[in-house]
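Work through these exercises with the model open beside you. Try each task before you read its solution.

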Amino acid sequence: MKEDIKVLILEDNTADADLVIRHLKKSGMSFVSKIVESKKLFEESLDAFLPDIILSDFSLPSFDAASAFKIIKDRNLAIPFIIVSGTIGEENAVMLIKEGVTDYVSKNNFSSLFQKISRALKEAEELIE
């Protein structure tokens with residue numbers, strides 16, 4: 001895994017975003033992160049920040065994970081996309097994964113987040129090769 005992974009966090013709740021960042025630091029992952037909460041900032045960050053992975057809340061007041069993922073697909077970007085949510089529900093998670101979302105992590109259980117990020121980045125690397 002490369003040094004300083006660029007993690008784009010799509011999240012409107014500062015406490016939840018901080019929790020994700022704290023959890024990644026605790027796992028020993030070397031990363032830089034950017035937190036956005038609107039479609040405009042999300043699209044700008046895809047161009048300027050060039051993330052290696054996207055962690056997205058399922059629903060935000062003005063935007064949602066499905067719309068964000070559609071932007072990734074429409075732009076033909078091979079960026080792993082993991083939904084981090086407490087409200088998605090299994091049915092929505094399965095539907096989005098069938099559409100190509102990389103994975104899903106519940107906000108109630110961050111224990112698998114680092115493994116899922118590692119696996120997603122490894123798979124993305126293999127696709128590029």
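**Exercise 1. Place a serine and list its contacts.**

Which residues does Ser45 touch, leaving aside its neighbours within four places in sequence? Then decide whether Ser45 is buried or exposed.

*Solution.*
- Step 1. Ser45 is in contact with Leu8, Lys34, Val36, Leu50 and Pro51, once the neighbours within four places in sequence are set aside. This is a predicted model.
- Step 2. Find the element. Ser45 belongs to helix H2, which covers residues 39-48.
- Step 3. Check the accessibility. The relative accessible area of Ser45 is 1%. Buried means under 20%. So Ser45 is buried.

**Exercise 2. Place a lysine.**

Find the helix that holds Lys25, and decide whether Lys25 is buried or exposed.

*Solution.*
- Step 1. Lys25 sits in helix H1, residues 14-26.
- Step 2. Its relative accessible area is 58%. Exposed means over 50%. Therefore Lys25 is exposed.
- Step 3. Now look along the chain. Phe114 is 89 residues apart from Lys25 in sequence. In space, the C-alpha atoms of Lys25 and Phe114 are separated by 9.8 Å.

**Exercise 3. Examine a salt bridge inside one helix.**

How far apart are the N and O atoms in the salt bridge of Glu44 and Lys40? Explain how the two residues are placed in helix H2.

*Solution.*
- Step 1. The N to O distance between the side chains of Glu44 and Lys40 is 2.6 Å. A salt bridge needs these atoms within 4 Å, so the pair of Glu44 and Lys40 qualifies.
- Step 2. Count along the helix. Glu44 and Lys40 are 4 residues apart in H2, so about one helical turn separates them.
- Step 3. Compare with the cut-offs. Glu44, at 38% relative accessible area, is partly exposed. Lys40, at 57%, is exposed.

**Exercise 4. Follow one arginine to two partners.**

Which residue in strand S5 is the partner of Arg119? Then describe the salt bridge between Arg119 and Glu123.

*Solution.*
- Step 1. Arg119 forms a salt bridge with Asp103, and their closest N and O atoms are 2.5 Å apart. This pair links distant parts of the chain: Arg119 is in helix H5, Asp103 is in strand S5 (residues 103-106), and their positions lie 16 residues apart in the numbering.
- Step 2. Arg119 is partly exposed at 41% relative accessibility. Asp103 is buried at 10%.
- Step 3. Turn to Glu123. Its salt bridge with Arg119 has its closest N and O atoms 3.6 Å apart. Glu123 and Arg119 are 4 residues apart in H5, so about one helical turn separates them. Glu123 is partly exposed, at 40% relative accessibility.
- Step 4. Look for a network. Salt bridges that share partners join Glu11, Asp16, Asp57 and Lys107 into one network. The count of salt bridges comes to 9.

**Exercise 5. Describe a pocket.**

How much space lies in the second largest pocket, and which element gives the largest share of its lining?

*Solution.*
- Step 1. The second largest pocket holds about 170 Å³ of space.
- Step 2. It is lined by 13 residues, and the closest to its centre are Ala78, Ile79, Pro80, Thr102 and Leu127.
- Step 3. Helix H3 (65-74) and helix H5 (113-128) are the elements that give two or more residues to this lining. The largest share, 4 residues, comes from H5.
- Step 4. Sort the lining by class. There are 10 nonpolar, 2 polar and 1 charged residues.

Note on methods:
Residues are numbered from 1 along each chain as its sequence is written. This is a predicted model: local features need pLDDT of at least 70, side-chain atom pairs count only at pLDDT 80 or more; totals for chains, interfaces and linings use all residues. Side-chain values use heavy atoms; hydrogens and water are left out. On a 1 Å grid over the protein atoms alone, a cavity is a set of points where a 1.4 Å probe fits but cannot get out, and a pocket is an open set with protein on both sides within 12 Å along at least five of seven lines; lining residues have an atom within 4 Å of a point. Grid points are joined across faces, edges and corners, and a volume is the space filled by probe spheres set on the points. Ala, Val, Leu, Ile, Met, Phe, Trp, Tyr, Cys and Pro count as nonpolar, Asp, Glu, Lys and Arg as charged, and the others, Gly among them, as polar. Buried means under 20% relative accessible area, exposed over 50%, partly exposed in between (1.4 Å probe, protein chains only). Contact means heavy atoms within 4.5 Å.
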